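I sat down with this one over coffee and kept notes as I went. Here is what I looked up, entry by entry.

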Amino acid sequence: MGDRPHVVVLLGAPGAGKGTQGMRLRARAQIAHISTGDLFRDAVRIQSPAGQRAEAYLKSGQLVPDQVVLQLLEEYLVDIETVDVCLDGFPRTYQQAIALEELLFQFNLSIALVLHLYVADSIALERLVDRGRPDDTIETARHRLKVYHAATEPLIKHYDEAGLLSEVDGSGDVEAVESRVWDVVERALCR
Ligand code: AMP
């Protein structure tokens, strides 16, 4: 693999702090931060074809169909040449995880680390409702957590078996979590 860029996958429930920590990683260590949720919110705002297809799913807290997500992500991975990348909010299903492996192979990239940011549901829910995004009403937030447990959580075992998983406690204040995250990322990327 030589000095090709590496990929860090941030895995965790909505409200676990993936977005916040992804932005911190970008600021701290020139790691590109790709959030599929942000990409979709932008796409919906400009009403691009992907945005039009995704809008109702975002609103109701459902997962956007894999095919739509993959198309969107591929456009961004094509441009990755030199910097390490943090994926936030992808993969979210087993099918996406398999598709990611194929995509990375195609672009000669590899996963250095899957970081599972874990928090109790009660903390995630509190953070989501405080954040006040349009898809963060209490009902939608509850639904998104349910979707996470059903569709995304099984990936933890998948990546553990692949020897790529690190568990990081996402509770507490942002700086404390950032320092725990950085310890693990620094080691995995040999920074
Ligand atoms: P997030 O900002 O990561 O919480 O994502 C917000 C919303 O975008 C989710 O509730 C989904 O509707 C959609 N979304 C983001 N990433 C994915 C993905 N990998 N697969 C399916 N839907 C996604």
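Which backbone nitrogen does the side chain of Asp84 reach, and at what distance? I found that the Asp84 side chain gets to the backbone nitrogen of His6, at 2.7 Å. A reminder to myself before going on: this is a predicted model.

**Entry: Asp84**

I placed Asp84 in the loop between α4 (66-77) and β3. Its relative accessible area is 13%, and because buried means under 20%, I wrote Asp84 down as buried. Besides the contact with His6, I noted a polar contact of 3.0 Å between the side chains of Asp84 and Arg191. I then listed what Asp84 is in contact with, leaving aside neighbours within four places in sequence: Pro5, His6, Gln30, Ile31, Ala32, Leu189 and Arg191.

**Entry: Ala32**

Ala32 was on that list, and I looked it up next. I found Ala32 in strand β2, residues 32-35. Not counting residues up to four places away in sequence, Ala32 touches Val83, Asp84, Val85 and Cys86. I also checked a pair across the model: Ala32 and Arg127 are 95 residues apart in sequence, and their C-alpha atoms are 24 Å apart in space.

**Entry: the ligand**

Where does the ligand sit? I found the ligand in the largest pocket. I read off 17 residues surrounding the ligand, and the closest are Thr36, Gln62, Gly89, Gln96 and Arg144.

Next I went through the polar atoms, one residue at a time.

- Arg144 has a polar side-chain atom 2.5 Å from an oxygen atom of the ligand.
- Gln62 comes in through its backbone, with an N or O atom 2.6 Å from a ligand oxygen atom.
- Arg41 places a polar side-chain atom 2.9 Å from an oxygen atom of the ligand.

How much of the ligand's accessible area does the protein cover? On its own the ligand has 480 Å² of accessible area, and the protein covers 96% of this.

I also asked which helix gives the most residues to the shell around the ligand. It is α2, with four residues. I noted that α2 (36-46) and α3 (49-60) each supply at least two residues of that shell.

**Entry: Asp136**

Arg144 sent me on to Asp136, as the side chains of Asp136 and Arg144 make a polar contact of 2.8 Å. Asp136 is in the loop between α6 (121-131) and α7 (138-152). Is Asp136 buried or exposed? I have Asp136 down as buried, because its relative accessibility is 3%.

A second polar contact, also written down at 2.8 Å, joins the side chains of Asp136 and Arg131. Not counting residues up to four places away in sequence, I have Asp136 touching Leu128, Val129, Arg131 and Arg144.

**Entry: Arg131**

I followed that contact to Arg131, which lies in helix α6. With a relative accessible area of 43%, Arg131 is partly exposed. With residues up to four places away in sequence left out, Arg131 touches Asp136 and Arg144. I also looked at how far Arg131 is from His143: the two are 12 residues apart along the chain, and their C-alpha atoms are separated by 16 Å.

**Entry: backbone geometry**

I finished with the backbone. Which two residues does a cis peptide bond join? The pair is Phe90 and Pro91, with omega about 0°. I placed Pro91 in the loop between β3 (85-88) and α5 (94-106).

Then I noted two residues with positive phi.

- Asn108 has a phi of about 60° although it is not a glycine. I found Asn108 in the loop between α5 and β4 (110-118), and it counts as partly exposed because its relative accessibility is 38%.
- Cys190 is not a glycine either, and its phi is about 55°. I found Cys190 in the segment after α9 (174-189), and it counts as exposed because its relative accessibility is 70%.

**Entry: wrap-up**

For anyone skimming my notebook, Arg144 is the residue that turned up in several entries. Arg144 has its polar side-chain atom 2.5 Å from a ligand oxygen, makes a side-chain polar contact with Asp136, and is touched by Arg131.

How values were computed
Residues numbered from 1 in each chain as written. Predicted model: local features only at pLDDT ≥ 70, side-chain atom pairs only at ≥ 80, totals over all residues. Heavy atoms only, no water. Buried < 20%, exposed > 50% of the residue type's maximum accessible area, 1.4 Å probe, protein only. Polar contact = N/O pair within 3.5 Å; in protein donor to acceptor, adjacent residues only side chain to side chain. Contact = heavy atoms within 4.5 Å. Near = heavy atom within 4 Å. Areas by Shrake-Rupley, 256 points an atom, 1.4 Å probe, with all protein chains shown as cover. 1 Å grid on protein atoms, 1.4 Å probe; cavity = no way out; pocket = protein on both sides within 12 Å on 5 of 7 lines; lining within 4 Å. Sits in = over half its atoms within 2 Å of the grid points.
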